[in-house]
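Here are some notes for your first look at this model. Keep the structure open while you read, and take the points in order.

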Amino acid sequence: RYIMRWELHTSGVSISEELRELIDRRMTFALSRFGSRLQKATVTLTDTNGPKGGIDKSCRILVRMRGLGEIVADVVDSEWEVAVDRATTRIGHSVSRSLERRRDVSHVVID
């Protein structure tokens, strides 16, 4: 069984254990199906305005895939949970589309 590993970086953010667990669940759900093709995944959380509030909580996910290079998803929202949910959904779809495009190109036959 493949165990996905990812790194978390923060800037101006102190996160709760609940948020860390949410990120882990969402990353596992979004990316574990890609198995060993996934070389590295990094989640970066940044709070631009600090405790002032506002739509400034950024969740950036960078994934390095074998044969695809780097794929990035960036989401900014006022709530961490929403930003994480949207970014993990987006990165899962982006990786899937990239793999599908790669498959389509490899099946092209040139006469």
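1. Start with one term. Two strands pair if DSSP finds at least two bridges between them. By that rule β3 and β4 pair, because 9 bridges join them. The two strands run antiparallel. Keep in mind that this is a predicted model.

2. Now the whole sheet. It is open and has 4 strands. Their order is β1-β2-β3-β4, and the pairing is mixed. Two strands sit at the edges: β1 (7-11) and β4 (69-77). Each of these pairs on one side only. On average, neighbouring strands are turned by 15° against each other, direction ignored.

3. Look next at β2 and β3. Strand β2 covers residues 38-47, and strand β3 covers residues 57-65. They run antiparallel, and 9 bridges join them. To see one bridge, find K40: its partner in β3 is R64.

4. Follow β3 into β4. The hairpin of these strands has 3 residues between them. One residue to check here is G67, which takes a positive phi near 80°. M65 stands opposite G69 in β4.

5. Add the helix. α1 spans residues 17-31. It lies across β1, β2 and β3. Against β2, helix α1 runs at about 145°.

6. Turn to charged side chains. How many salt bridges does the structure hold? The count is 6. Three of them are worth a look, in the points below.

7. The first pair is D74 and R60. Their side chains meet in a salt bridge, at 2.9 Å from N to O. D74 belongs to strand β4 and R60 to strand β3, so this pair ties together parts that are 14 residues apart in sequence. D74 is partly exposed, with 37% relative accessible area. R60 is also partly exposed, at 34%.

8. Next come R64 and E70. They form a salt bridge, and the closest N and O atoms are 2.7 Å apart. You met R64 above as the bridge partner of K40. R64 counts as partly exposed, at 32% relative accessibility. E70 is partly exposed too, with a relative accessible area of 47%.

9. Last, R86 and D77. Is D77 buried or exposed? First the contact: this salt bridge has its closest N and O atoms 3.4 Å apart. R86 is partly exposed, with a relative accessible area of 34%. D77 has 14%. Buried means under 20%, so D77 is buried.

Key: Residues numbered from 1 in each chain as written. Predicted model: local features only at pLDDT ≥ 70, side-chain atom pairs only at ≥ 80, totals over all residues. Heavy atoms only, no water. Axes fitted to C-alpha atoms, helices over the stretch in contact; angles between N-to-C directions. Contact = heavy atoms within 4.5 Å. Salt bridge = Lys/Arg side-chain N within 4 Å of Asp/Glu carboxyl O. Buried < 20%, exposed > 50% of the residue type's maximum accessible area, 1.4 Å probe, protein only.
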